[in-house]
Amino acid sequence: MSKEPDFPESDAGTEAAAQAADSHAASGNTPFAVVGGDAAAVFAEADELGLEDDGTDSVAAQADVDEDADPGADAAEPADGDGHLHLDTPVLSDVLVAVEELWPESLAEEWDRVGLVVGHPDAEVDRIMFAVDPTIEVIDEALDWGAQLLITHHPLLMKGVNSVAATTGKGRAIHRLIEGGCALLTVHTNGDSAVGGVSDVLADAVGLTDVLPLMPAAHGLVEEGIGRVGMLPGAEKLGDLAARIFLQLPAVAGGVRVAGDKDALVRKVAVCGGSGDSLFEAVRSSDADVFVTADLRHHPASEAREARADGRPYLIDLSHFASEWLWLPAAAQALGNVLADQGFEAELAVSQANTDPWDFILTPGN
Ligand SMILES: [Zn+2]
């Protein structure tokens, strides 16, 4: 049973999308410029996509490039008699080329497992769904919508397996995908690191400028790498910053946890979508006032708070799922734009499933 999703209609990613457009300008592609850099423009009501409307805010993003995008003068196909550009349905290998342009596999961490998990390169793909986790609930949602490709942030198969028999959860997921004719693609740490990726979108949601990676990529642009650090436009109270971030995230049971003085003023902010407690060293050397990330464990968090006399960096601990979900609408929009630029059209959607594993929380106040 699906937990009731309650997602914000955030325009997070707009700034990151513009940055990504810059980074791709050198290659002659302008993946974000074609829809004006307005991530909100790709949101559509769930019923337009044939998804169940449960009355909550829709998270479905639709980048129907035929209607919303001007593929530009360099598109592969000429205009027809009505002045509309004819765009082809891509096959999976075409989509993989577009994905590689946005989130190159060379940006993935060495330990990571990214790329195609399930799928035939020659299969046509006219519906693509984005999600954080390849759970059975998400796979069923993708199949119900008619997706031929599910792109998830987290890998389904991180460790080696000797069997994909449908006697295990992962085996059932593989079977469901193949039987339903849906490919599965992982965009994980390459999606974290890339310009316009997970941490850029989070930095954008926080309102940071002069953004740089916390850990620059070994093989990438200077703007690429894990985490980001940047400046707020002015000093802000820690409590106000946390409240602002909270309002932009999907509503999850665990909410947002903060370590630090609510009224302390902060200006320099480090962010990392997903688990960030391996980055404390980089956060400390960046001199950030506050670190916004997810999955913070007791010891790294406690040691970080002890390490500096003024208690900084303060910590804002988000839901892992929520911190990465923010990227999905921006990613869907970016992929739609790159496909259009390459002469293809596909419908894109963002999963409505809340795959945060927690269901409720007890605190002293309630
Ligand atoms: Zn993650």
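I began with a definition: a residue is buried under 20% relative accessible area, exposed over 50%, and partly exposed in between, with a 1.4 Å probe and protein chains only. By that rule D210 is exposed, because its relative accessibility is 64%.

**Ground rules**

I noted that this is a predicted model, where local features need pLDDT of at least 70, side-chain atom pairs count only at pLDDT 80 or more, and totals for chains, interfaces and linings use all residues. Residues are numbered from 1 along each chain as its sequence is written, and side-chain values use heavy atoms, with hydrogens and water left out.

**Entry: the whole chain**

I looked up the overall make-up. The chain holds 12 helices and 11 strands. Both are DSSP runs, numbered from the N terminus: helices are H or I with at least four residues, strands are E with at least two. Of the 366 residues, 53% are buried. I then checked contacts, meaning heavy atoms within 4.5 Å. Among contacts with a separation of 6 or more, 71% are between residues 24 or more positions apart.

**Entry: the sheet**

In what order do the six strands of the open sheet stand? I read β5-β6-β8-β9-β10-β7, with mixed pairing. Two strands pair if DSSP finds at least two bridges between them. The edge strands are β5 (209–216) and β7 (257–259), and each pairs on one side only. On average, neighbouring strands are turned by 25° against each other, direction ignored. For such angles, axes are lines fitted to C-alpha atoms, for helices over the stretch in contact, and the values run from 0 to 180 degrees between N-to-C directions.

I followed β7 to its partner. β7 and β10 (residues 314–318) run antiparallel and are joined by three bridges. In this pairing, A259 stands opposite L315 of β10.

Two helices came next. Helix α7 (residues 198–206) packs on the sheet. It touches β5, β6 (225–237), β8 (265–275), β9 (290–294) and β10. The direction of α7 makes about 145° with that of β8. Helix α8 (residues 238–248) also packs on the sheet, touching β6, β7, β8, β9 and β10. The direction of α8 makes about 125° with that of β6.

**Entry: the zinc ion**

Which protein atoms are donors of the zinc ion? I found H154 (NE2), H320 (NE2) and E324, which is listed twice through OE. They lie 2.0 to 2.3 Å from the ion. Donors are N, O and S atoms within 2.8 Å of the metal (3.2 Å for Na, K and Ca); water is not among the atoms, so sites may look incomplete.

Why is the arrangement irregular? The four donor atoms subtend angles of 58 to 131° around the zinc ion, which makes it so. Four donors are tetrahedral if all angles lie between 85 and 135 degrees; four are square planar and six octahedral if opposite donors are over 155 degrees apart and all others between 65 and 115; anything else is irregular.

I wrote down the spacing of the donor residues in sequence: H-x165-H-x3-E. H154 lies in the loop between β3 (149–152) and α5 (169–179), and H320 in helix α11 (residues 320–325), so the pair ties together parts that are 166 residues apart in sequence. H154 counts as buried, because its relative accessibility is 14%.

**Entry: aromatic pairs**

I searched the whole structure and noted four aromatic pairs. Rings of Phe, Tyr and Trp (its six-membered ring) pair if their centres lie within 6.5 Å; planes under 30 degrees apart are stacked, over 60 edge-to-face, and the rest tilted.

F130 and W327 have ring centres 6.4 Å apart and planes at 85°, so this pair is edge-to-face. F130 sits in strand β2 (residues 127–131) and W327 in helix α12 (residues 327–341), 197 residues apart. F130 is buried at 0% relative accessible area, and W327 is buried at 1%.

F280 and F291 have centres 5.6 Å apart and planes at 75°, so they too are edge-to-face. F280 is in helix α9 (residues 280–286) and F291 in strand β9, 11 residues apart. Both are buried. I also noted that ring pairs link W103, F130 and W327 into a cluster.

**Entry: backbone oddities**

I found a cis peptide bond between R312 and P313, with omega about 5°. P313 is in the loop between α10 (298–307) and β10. Back to D210: this residue lies in strand β5. D210 has a positive phi of about 50°, although it is not a glycine. D295 has a positive phi of about 65° and is not a glycine either. D295 lies in the loop between β9 and α10. At 37% relative accessible area, D295 is partly exposed.
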